[in-house]
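Let's take a walk through this fold, one strand and one helix at a time. Keep the viewer open and turn the model as you read.

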Amino acid sequence: MKLISWNIDSLNAALTSDSARAVLSRAVIDTLVAEDADIIAIQETKLSAKGPTKKHLQILQDYFPDYDISWRSSVEPARKGYAGTMFLYKNTLTPSISFPEIGAPDTMDCEGRIITLEFDNFYVTQVYTPNAGDGLKRLAERQLWDEKYADYLAELDQKKPVLATGDYNVAHNEIDLANPNSNRRSAGFTDEERAGFTNLLAKGFTDTFRFIHGDIPNVYSWWAQRSKTSKINNTGWRIDYWLTSNRIADKVTKSEMIDSGTRQDHTPILLEIDL
């Protein structure tokens, strides 16, 4: 089975804008089409509460004619056009779909952050983890989210094996970002967020990239848009993950980044697993 995850940073912009960045985004979509994955997880769709428009759905159908779509958007009292997730999956697959709430603080459960696909013998679930924010103003809420999310994955894992993916908004270890020393209290590399991810893995999950590649350095999934040279200089962060239940980690055959060219921000990540 082949699976891909990507934080697209606005589905509408990627599909309908004429900007130079949108052109780069559509080039990435072309790459995903060529990969012919069974399941594609997309984060940060930034769609309205009503979800994709007819135009969005038609464009997606043109790109991915053999796929069904499931989506979840941010709804009140959360911000409009914020966060959001989507699955595209081959129409030969027939998962049961759920949109879990995990008892998260603030409006996090209303922000469209988790979708789960249940199959006969496993789950595939994606997450767009809340960012701790500028000045770490949401760090306390983020810590509670991390606890609740880890408990949720552990509950799934008690029933059947789990494939979990998404933008986790944390670089787990120093090797997972280019400049750890200057980012000690930056959102995504605080001790608190790193401990939250350690706690998640300790509940029975494997970071498949490290499982396959060991301590290979300088491989990242995100480069800041604010810095024009972040990708050229590879001053990136690895904050997007494919996790599996420990008991099926040995079935993973590939876990890697997909080249997104010169486009900064997130790059898609690929998992191949023999289930």
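Start with strand S4, residues 85-90: 6 of its 6 residues are buried, so the rest of the structure largely encloses this strand. Bear in mind as you look that this is a predicted model. The burial holds for both faces of S4, with Thr85, Phe87 and Tyr89 on one side and Met86, Leu88 and Lys90 on the other.

Who are the neighbours in the sheet? S4 is joined by 5 bridges to strand S2 (residues 39-43), and the two run antiparallel. If you want a register mark for that pairing, Gln43 has Thr85 in S4 as its bridge partner. Strand S3 (residues 67-72) also pairs with S4 in the antiparallel sense, here over 6 bridges. For this pair, find Tyr67, which stands opposite Lys90 in S4.

While you are on S3, stop at Ser70, which sits in that strand. Is Ser70 buried or exposed? Its relative accessible area is 5%, and under 20% counts as buried, so Ser70 is buried. Leaving out residues up to four places away in sequence, Ser70 touches Thr85, Met86, Phe87 and Tyr89, as well as Ile97, Phe99 and Ile115.

Thr85 and Met86 also lead us to another spot. Leu11 belongs to helix H1 and is buried, with a relative accessible area of 1%. Leu11 and Thr85 are 74 residues apart along the chain, yet their C-alpha atoms are separated by 9.8 Å. Setting aside neighbours within four places in sequence, Leu11 is in contact with Met86, and also with Glu44, Thr45, Leu47 and Leu60.

From H1, move on to helix H2, residues 20-35. Its 16 residues should span 22 Å at 1.5 Å a residue, and the end C-alpha atoms are 23 Å apart, which agrees. The buried residues of H2 are Ala22, Ser25, Arg26, Val28, Ile29 and Leu32. Seen down the helix axis, they fall within an arc of 155 degrees, so they line one face of H2. The spacing makes sense when you recall that an α-helix has 3.6 residues a turn, so residues three or four places apart point the same way. On the other side of H2, Ala20 and Ala34 are exposed. What does the buried face pack against? Look for strand S1 (2-7), helix H1 (11-16), strand S2 and helix H3 (54-63). Just after H2 comes Asp36, with a positive phi of about 55 degrees.

Now swing over to strand S8, residues 162-167. Here, too, 6 of the 6 residues are buried, so the strand is largely enclosed by the rest of the structure. S8 pairs with strand S7 (residues 123-128) in the parallel sense, over 6 bridges. Thr125 has Ala164 in S8 as its bridge partner. To get from S7 to S8 the chain passes through helix H4, and this β-α-β crossover is right-handed. S8 is also joined to strand S11 by 5 bridges, and that pair runs antiparallel. Leu163 finds its bridge partner in S11 at Thr244.

Helix H4, the connector in that crossover, has 21 residues that should span 30 Å at 1.5 Å a residue; its end C-alpha atoms are 31 Å apart, which agrees. Many side chains to look at here: the buried residues of H4 include Leu139, Trp145, Tyr149, Tyr152, Leu153 and Leu156, and Arg142, Asp146 and Asp157 are buried as well.

H4 turns up again when you reach helix H5 (residues 191-202). H5 has 12 residues and reaches 16 Å from its first C-alpha to its last, close to the 16 Å expected. Its buried residues are Glu193, Arg194, Gly196, Phe197, Leu200 and Leu201. They cover an arc of only 155 degrees around the axis, which puts them on the same side of H5. The face turned away from that side carries the exposed residues Asp191 and Ala202. Covering the buried residues of H5 are, among others, helix H4 (139-159), strand S9 (205-207) and strand S11 (240-245). Just beyond H5, Gly204 takes a positive phi of about 115 degrees.

Finally, zoom out. An unreviewed UniProt entry places the feature "domain: Endonuclease/exonuclease/phosphatase" at residues 4-252. Over that stretch the chain is 29% helix and 21% strand, and the end C-alpha atoms are 13 Å apart.

Definitions and conventions:
Residues numbered from 1 in each chain as written. Predicted model: local features only at pLDDT ≥ 70, side-chain atom pairs only at ≥ 80, totals over all residues. Heavy atoms only, no water. UniProt positions renumbered as here; feature names shortened; annotations may be inferred. Helix = DSSP H or I, 4+ residues; strand = E, 2+ residues; numbered from the N terminus. Expected span 1.5 Å × (residues − 1). Buried < 20%, exposed > 50% of the residue type's maximum accessible area, 1.4 Å probe, protein only. Arc of directions from axis to C-beta. Contact = heavy atoms within 4.5 Å. Pairing = 2+ DSSP bridges. Right-handed = clockwise from strand over helix to strand, strands pointing away.
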